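User: Please take a close look at one part of this model, starting from a single residue. Then set out how the other parts you can describe are built.

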Amino acid sequence: MIHKTLNDREPVPNLTDYATMQASFSWDAARAECAGLSDGGLNIAFEAVDRWVAAGRGEAIALRWLGKNGERRDFSYAELARLSDRFANGLQRLGINPGDRVCILAGRIPELYITALGTLKAGAVFCPLFSAFGPEPVRVRLVKSRARVLVTTTLLYRRKVREQRSDLPHLEQVLLTDSDSDEPGIRSFHTLLEAETDHRPPPRTQPEDWALLHFTSGTTGTPKGAIHVHQAVIAHRLTGCWVLDLRPGDIYWCTADPGWVTGVSYGIIAPLANGATLVVDEAEFDARRWYAILDRERVNVWYTAPTAIRMLMKVGAEALHGHDLGALRFMASVGEPLNPEAVTWGLATLGRPFHDTWWQTETGAIMIANYRAVDIWPGSMGQPLPGIEAAIVQRRSGGVDRLPPGEEGELALRMGWPSMFRGYLEDEERYRQCFAGGWYLSGDLATCDANGYFWFVGRNDDVIKTSGHLIGPFEVENVLMEHPAVAEAGMIGKPDEFAGEIVKAFVALKTGYEPGDALRKELLGFARTRLGPAVAPRELEFVADLPKTRSGKIMRRLLRARELGLPLGDVSTLEGEHLKDSDA
Ligand code: 6R9
């Protein structure tokens, strides 16, 4: 156990007494910490930027952007407020209505942050698409979201959208961040902004109005669009304060990309709603660059992911040499299991432990965490946020049974926190299946010990977490099946020392095709071109055929057990022929 001493409480943590706060918590009190709008309304962007301008902190730096080629640009809260007002005005001029979806496909560029905040001010729904997605995941999400506007760069537009534009009848406007000219259906982002004024009345959104759409993956079917509402900001602000220990003026760095939920909830909203300065690095992971940023920018609070921490561990302490991380007060991690060695490595090498936190796209904000003032059991995800009731349960018809400490079951949360997703877009049935007896069922398997600490065990479905990114096997299999040589394909997450898991494909070929290195390369390349590097399989193995249930579903669990040399478990539903294969 890592015991927190009085030294660790300097300066005094925002959450000093976990037990008392948990006992006395009310969401109404948390809501009262938000500025709110005059008519009982609530708006994420207003809480993130305008409230600070109104409070006289307009000149404080909201966003410090570090370009990949060494550029550096600061945006004050007042400047972000003005630019997002202009973008909101621009959307209105384009005829975008409240509830309409605005997608962004871009790397970590300043325009992304202006788009997010401006969209929210206009009452439209902000939907980020990861820039390392290939054309197919982009198309699927643009279709499903029915986006009317897409903000992107010329390069990403040409590579991933242009050829499919005819499949996207809802997409009226593409706004390019790096072009000055307008043509039919394509406009310049900056020309649009320049044509608008800074003036705009305060937003008019209500707490339950849709604000964010985050696509996430399940075992089957197309990606699910999880919907979040404006009052999610109550949980973003609260967790930013209590879990990340943010306070006005802090320098804060979240390394997650806004193409995923962490990069929006904690890479944009929570830090701004707490008045911090957000450091944004456009470049990809690089150990020396990262240490230099932590040092030079005097980062106080750092939120990152296990894959990155493991890569820093691999690079070794030399990369740290000559850097002073003395400004760092708090370090936290999310997205995949944080191994105990990573927690203690932080303490030994960087002088502070990493604090694991657990949450999901669906929960919108951190639900279980290790806190600055609370002792850590390395390997544990920590304890529920005050205001959140978490339990380990087993589903039964019509409800759930709570399991006693130490028993493995599904991690569940009592419904009713403000950042809980309000639906999967056009998928009422899948949404309903997430709930039973007043609980939200996470799909994660975990245990809870006698001290109330939660421990992650695994997923109870087939989704793959690679470098912290959630990948649905079905989306990958579908694309591989489009190749003329492929009869069947099944994906698994294969354990990997750094990425947690990598996507591995098993492929059965059509008659007339022979397995071999050339075909393997071709198939991996085919998948990479369509899906993009973030989603495509890294390994591919040819098999005679895939194990399937009698109803024809691929048993990925069995593929994974075979890959790992584990016992095959219950194979009673397995189709007869394939059992022989797996025994062979
Ligand atoms: C925020 C985010 C959610 C899934 C979740 C779980 C895994 C997240 C974790 C963790 C072990 C942690 N996960 N945090 N597993 N320890 N601290 O990552 O959202 O992309 O929706 O993924 O990630 O399996 O169910 P999302």
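Analyst: Gly-99 counts as partly exposed because its relative accessibility is 26%; buried means under 20% relative accessible area, exposed over 50%, and partly exposed in between, with a 1.4 Å probe and protein chains only. The model is predicted, so local features need pLDDT of at least 70 and side-chain atom pairs count only at pLDDT 80 or more, whereas totals for chains, interfaces and linings use all residues. Residues are numbered from 1 along each chain as its sequence is written, and side-chain values use heavy atoms, with hydrogens and water left out.

Gly-99 sits in the loop between α4 (77-93) and β3 (101-105). Helices (H or I, at least four residues) and strands (E, at least two) are DSSP runs numbered from the N terminus. Beyond four places in sequence, Gly-99 touches Gly-123, Ala-124 and Val-125, where contact means heavy atoms within 4.5 Å. Val-125 is 26 residues away from Gly-99 along the chain, yet their C-alpha atoms are separated by 5.6 Å.

A second loop residue is Glu-297, placed between α11 (287-296) and β12 (301-304). Glu-297 counts as buried because its relative accessibility is 3%. Its side chain makes a polar contact of 2.7 Å with that of Arg-72. A polar contact is a pair of N or O atoms within 3.5 Å; within protein, one must be able to donate a hydrogen and the other to accept it, and residues adjacent in sequence count only if both atoms are side-chain atoms. Arg-72 is also among the residues that Glu-297 touches beyond four places in sequence, together with Arg-64, Leu-66, Ile-251, Val-279 and Ala-292.

The helix before this loop, α11, is mostly covered, with seven of its ten residues buried. Those buried are Ala-287, Trp-290, Tyr-291, Ala-292, Ile-293, Leu-294 and Asp-295. They pack against the strands β1 (61-66), β10 (251-254), β11 (277-281) and β12, and against the helices α12 (306-315) and α13 (340-350). At the N-terminal end, α11 is capped by Asp-286, which has a side-chain oxygen 3.2 Å from the backbone nitrogen of Arg-288. After α11 comes Arg-298, with a positive phi near 55°.

Most residues other than glycine have a negative phi. Glu-426 is not a glycine, but its phi is positive, about 50°. Glu-426 lies in the loop between β20 (423-424) and α14 (428-432), and at 55% relative accessibility it counts as exposed. Ser-467, also not a glycine, has a positive phi of about 50°. The loop that holds Ser-467 runs between β24 (464-466) and β25 (469-471), and this residue counts as partly exposed because its relative accessibility is 29%.

Asp-245 is found in the loop between α9 (232-242) and β10. With 1% relative accessibility, Asp-245 counts as buried. The side chains of Asp-245 and Arg-247 are joined by a polar contact of 2.8 Å. Beyond four places in sequence, Asp-245 is in contact with Pro-13, Asn-14, Gly-240, Asp-250, Arg-329 and Arg-372.

The ligand has 18 residues around it, of which Asp-356, Thr-357, Gln-360, Thr-361 and Arg-459 come nearest; a residue is near a molecule or strand if one of its heavy atoms lies within 4 Å of it. By class, this shell has eight nonpolar, five polar and five charged residues. Here Ala, Val, Leu, Ile, Met, Phe, Trp, Tyr, Cys and Pro count as nonpolar, Asp, Glu, Lys and Arg as charged, and the others, Gly among them, as polar.

Two backbone approaches involve ligand nitrogen: a polar backbone atom of Gly-335 is 3.3 Å from a nitrogen atom of the ligand, and a backbone N or O atom of Glu-336 lies 3.4 Å from one. A polar side-chain atom of Lys-465 lies 2.9 Å from a ligand oxygen atom. The ligand has 540 Å² of accessible area on its own, and the protein covers 97% of it; such areas come from the Shrake-Rupley method with a 1.4 Å probe, and for residues only the protein chains shown count as cover. Two or more shell residues come from each of α10 (261-273), β14 (354-358) and β23 (454-459). β14 gives the most, with three residues.

On confidence, the protein chain averages a pLDDT of 95, and 97% of the residues score at least 70; pLDDT is the predictor's confidence in each residue, from 0 to 100. Over residues 577-584 pLDDT stays under 50, and the model has ten contacts beyond four places in sequence for them.
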